[in-house]
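Here are a few warm-up exercises on a protein with a ligand. Have a look at the structure, try each task yourself, then check the solution.

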Amino acid sequence: MKVLILGGTGEGRLLASELMTGGLSVVSSLAGRVSSPRLPVGDLRVGGFGGAAGLAEYLRTEGIFAVVDATHPFAERITANAAAACRTTETPLLVLHRPAWHPAPGDNWTLTPDIPAAAAQIAPLPPHTNVLVTTGRQETSAFAGLPQRFIMRAVERPDGELPDHCEILLDRGPFTLEGERRLFAAKDVHKLVTKNSGGPMTAAKLTAPVSGASK
Ligand code: NAP
């Protein structure tokens, strides 16, 4: 009874440990984007499958009994591939959904469809505005050329072009409320740009902002 967990998340690691404790055989799959990822217990495979067809082939050849899609809510392609591959191979699929974050009373959120649109919201702000960006290392080039002062927090150094005033903070969650408060105060953060990733592990930044900060 081998279960494939599509992971790259804290939930994926937790589930691998729980299923193994329950006596199931588990193989976790990571995309391989991060050079030193936190590893789940149990067997591991790393790298893309080659689309839905490649994943279907993997399910057949490895004799996978069931698949759990525990990937990040913004990892849409692998989620679509998992649905298609499980459909064609008639493999049971469980998809873990993280509830999205919602603004609390007094919060001032601007919702944008993507990161370039978020950058367009930042562009007209005064140059001395300190902006904390936690959207990951991809697509940070959307902020290149903007005059504001950026703090980019990511697990690994962003690949693309960066703004002129940019500090890179290499760090990974989970983050505590106390730690986030310290960061917001130390860097005098005025704006936070984040994905609405949901879940508790990186939610402390939503309540950490010092007065005047908004998202
Ligand atoms: P994506 O756009 O949905 O996936 C792109 C391609 O990467 C997929 O088509 C697949 O390649 C491969 N892939 C993705 N997740 C995989 C996995 N768990 N195992 C094997 N191959 C995988 O995904 P993404 O947004 O680049 O995210 C990549 C991974 O990072 C995910 O596993 C996700 O859980 C984790 N993550 C993502 C974010 C985020 O903000 N997007 C944040 C935290 C963690 P093939 O088509 O070749 O199979």
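**Exercise 1.** In this predicted model, work out which protein atoms make polar contacts with oxygen atoms of the ligand, starting from asparagine 81.

*Solution.* Start with the side chain: a polar atom of asparagine 81 sits 3.4 Å from a ligand oxygen. With a cut-off of 3.5 Å for N or O pairs, that distance counts as a polar contact. Next, go to the backbone. An N or O atom of histidine 72 comes to 2.9 Å from an oxygen of the ligand, and one of glycine 51 to 3.0 Å. As for cover, the protein buries 80% of the 810 Å² that the ligand exposes when taken alone.

**Exercise 2.** Describe the shell around the ligand by residue class and by secondary structure.

*Solution.* Begin with the head count: 22 residues surround the ligand, and Gly7, Ser29, Phe49, Arg77 and Lys195 are the closest. Sort them by class and you get eleven polar, six nonpolar and five charged residues. Then map them to elements: strand S2 (25-30) and helix H3 (76-89) each bring at least two residues. H3 contributes the most, namely four.

**Exercise 3.** Find what arginine 45 does around aromatic rings, then classify the pair of phenylalanine 143 and phenylalanine 150.

*Solution.* Arginine 45 lies over the face of phenylalanine 49, 3.8 Å from the ring centre. Its charged end also sits over the ring of tyrosine 58, at 5.4 Å from the centre.

Now the ring pairs: the whole structure has two aromatic pairs. In one of them, phenylalanine 143 and phenylalanine 150 have centres 5.4 Å apart and planes at 55°, so the pair is tilted, as the angle is neither under 30 nor over 60 degrees. Both phenylalanine 143 and phenylalanine 150 are buried.

Definitions and conventions. Residues numbered from 1 in each chain as written. Predicted model: local features only at pLDDT ≥ 70, side-chain atom pairs only at ≥ 80, totals over all residues. Heavy atoms only, no water. Near = heavy atom within 4 Å. Polar contact = N/O pair within 3.5 Å; in protein donor to acceptor, adjacent residues only side chain to side chain. Areas by Shrake-Rupley, 256 points an atom, 1.4 Å probe, with all protein chains shown as cover. Nonpolar A, V, L, I, M, F, W, Y, C, P; charged D, E, K, R; others polar. Phe/Tyr/Trp six-rings, centres within 6.5 Å; stacked < 30°, edge-to-face > 60°. Buried < 20%, exposed > 50% of the residue type's maximum accessible area, 1.4 Å probe, protein only. Lys NZ or Arg CZ within 6 Å of the ring centre and 35° of its normal.
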